[in-house]
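Reader: I am a first-year student and I would like a close look at one part of this model, the sheet. Please start from a single pair of residues and work outwards to what surrounds it.

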Amino acid sequence: MSTKESYFAEETTFLLEARQRAEKGQSTTEEWRQAYGLLIEKYEELLKVVQVLTHQATQLEAKLEKARTQLEIQKKALSSEVEGLERQLQVQQKEITKKAQERDILYDRMSQTRMMLLVILAVLLLVVGFTLYYLFWDTDRMIQFVKKVRGLE
Amino acid sequence: MRNLVIEPTSKTPKVILNADLGVFEITGRSIPEDAIGFYRRVLDWIEEYSKSPLTETVFKFQLEYFNTSSSKCLLDIFRKLERMHKNGHKVVIRWHYDADDEDMAETGQDYQALLDVPFELVPV
């Protein structure tokens with residue numbers, strides 16, 4: 001018995017028995033009447049079951065369709081959200097690139113300033129060094145130099 | 001007779017058939033591909049139980065969702081319970097459903113109309 005038939009095993013068995021009885025054809029009128037009555041009863045029962053199952057299947061299909069529509073709506077909403085996020089990401093990437101460029105420029109300027117400061121410091125050290133040298137170790141020449149500057153000599 | 005307890009899965013319901021405690025329940029979701037395979041044990045158990053049932057059998061069904069093949073198996077269970085009722089045993093089927101789920105209420109009404117056994121609709 002296939003899976004489809006196994007769901008209606010009782011009905012399939014009954015049908016098989018009814019067919020065998022019909023093929024034999026040896027029943028009395030009363031037996032035929034009873035068998036036919038039973039067949040009608042079973043048919044009515046089966047019809048009710050089919051009606052219920054059809055109704056339920058339709059309900060399930062409607063539920064599935066509703067769920068599918070909701071999924072479609074959610075998919076669209078998500079797609080548009082993803083697009084928005086992608087655009088936002090692109091803008092942020094541009095901003096990051098711009099900031100990185102600005103940082104590089106700033107580093108260059110800082111490097112130049114540092115170099116200038118070093119040069120100025122070196123010059124200052126040189127001047128102070130010379131001054132201290134003449135002030136403490138070669139005072140005579142310092143005095144002569146000051147006099148020369150002031151026009152006393 | 002031995003009790004039957006089947007733990008639920010994502011596709012099959014929880015089944016408790018305990019004649020000692022008088023608990024008969026099928027709850028959860030029923031969407032197995034092989035519904036007849038799943039419900040075979042339940043049907044066999046009820047068939048065995050119907051030979052010497054308790055004074056009163058209250059069978060609770062609380063399903064949130066089930067496929068068409070499960071529906072046919074449920075009908076087979078109902079038919080067995082209906083037969084018990086016709087044989088003079090006290091049987092009550094309680095169909096519990098979410099009060100907001102109109103479809104499940106309607107399904108219960110369909111079964112109720114189809115069966116000749118006390119069938120109560122219980123919104124929860």
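**The sheet of chain B and its surroundings**

Author: Start with Arg29(B), whose bridge partner in β4(B) is Tyr65(B). The model is a predicted one, and that applies to everything below. One step further along, Ser30(B) stands opposite Phe66(B) of β4(B). These pairs belong to the join between strand β3 (residues 23-30) of chain B and strand β4 (residues 56-66) of chain B. The two strands run parallel, and 7 bridges link them.

Now turn to the pairing of β3(B) with strand β2 (residues 14-18) of chain B. Here the sense is antiparallel, and there are 5 bridges. As an example, Lys14(B) has Thr27(B) of β3(B) as its bridge partner. β2(B) and β3(B) form a hairpin with 4 residues between the strands. In this hairpin Gly22(B) has a positive phi near 75 degrees. So far, then, β3(B) has been seen in a parallel pairing with β4(B) and in an antiparallel pairing with β2(B).

Next, the sheet as a whole. It is open, has 6 strands and follows the order β1-β2-β3-β4-β5-β6 in chain B, with mixed pairing. At its edges lie β1 (4-6) and β6 (119-123) of chain B, each of which pairs on one side only. On average, and with direction ignored, neighbouring strands are turned by 15 degrees against each other.

Helices of chain B come next. Helix α3 (residues 102-114) of chain B lies across β5 (90-97) and β6 of that chain. The angle between this helix and β6(B) is about 170 degrees.

Two other helices of chain B, α1 (residues 35-49) and α2 (residues 68-86), pack at about 5 degrees, with their axes 10 Å apart. Angles under 35 degrees count as roughly parallel, so α1(B) is roughly parallel to α2(B). On the side of α1(B), the contact is made by Ala35(B), Ile36(B), Tyr39(B), Val42(B), Leu43(B), Ile46(B) and Glu47(B). From α2(B) come Ser69(B), Ser70(B), Cys73(B), Asp76(B), Ile77(B) and Lys80(B). Sorted by class, this contact has 8 nonpolar, 2 polar and 3 charged residues.

Beyond chain B there is chain A. In the contact between the chains, 12 residues of chain A meet 11 residues of chain B. On the chain A side, α3(A) gives the most, with 10 residues. That side of chain A has 6 nonpolar, 4 polar and 2 charged residues.

Chain A itself has 4 helices and 0 strands, in the pattern α-α-α-α along the sequence. Its radius of gyration is 53 Å, well over the 15 Å that the globule rule gives for 153 residues, so chain A is more spread out than a compact globule. Along its principal axes, the C-alpha trace of chain A spans about 165 × 25 × 20 Å.

Within chain A, helix α2 (residues 9-24) and helix α3 (residues 29-136) pack at about 155 degrees, with their axes 12 Å apart. This makes α2(A) roughly antiparallel to α3(A), and the crossing is left-handed. Glu11(A), Phe14(A), Ala18(A) and Arg21(A) of α2(A) make the contact with Ala35(A), Leu39(A), Lys42(A) and Leu46(A) of α3(A). By class, this contact has 5 nonpolar, no polar and 3 charged residues.

How values were computed: Residues numbered from 1 in each chain as written. Chains lettered and ligands numbered in written order. Predicted model: local features only at pLDDT ≥ 70, side-chain atom pairs only at ≥ 80, totals over all residues. Axes fitted to C-alpha atoms, helices over the stretch in contact; angles between N-to-C directions. Parallel < 35°, antiparallel > 145°, perpendicular 65-115°, else oblique. Left-handed = near helix turned anticlockwise from the far one by under 90°. Contact = placed C-beta atoms within 7 Å. Nonpolar A, V, L, I, M, F, W, Y, C, P; charged D, E, K, R; others polar. Pairing = 2+ DSSP bridges. Rg over C-alpha atoms; globule rule 2.2 N^0.38 Å.
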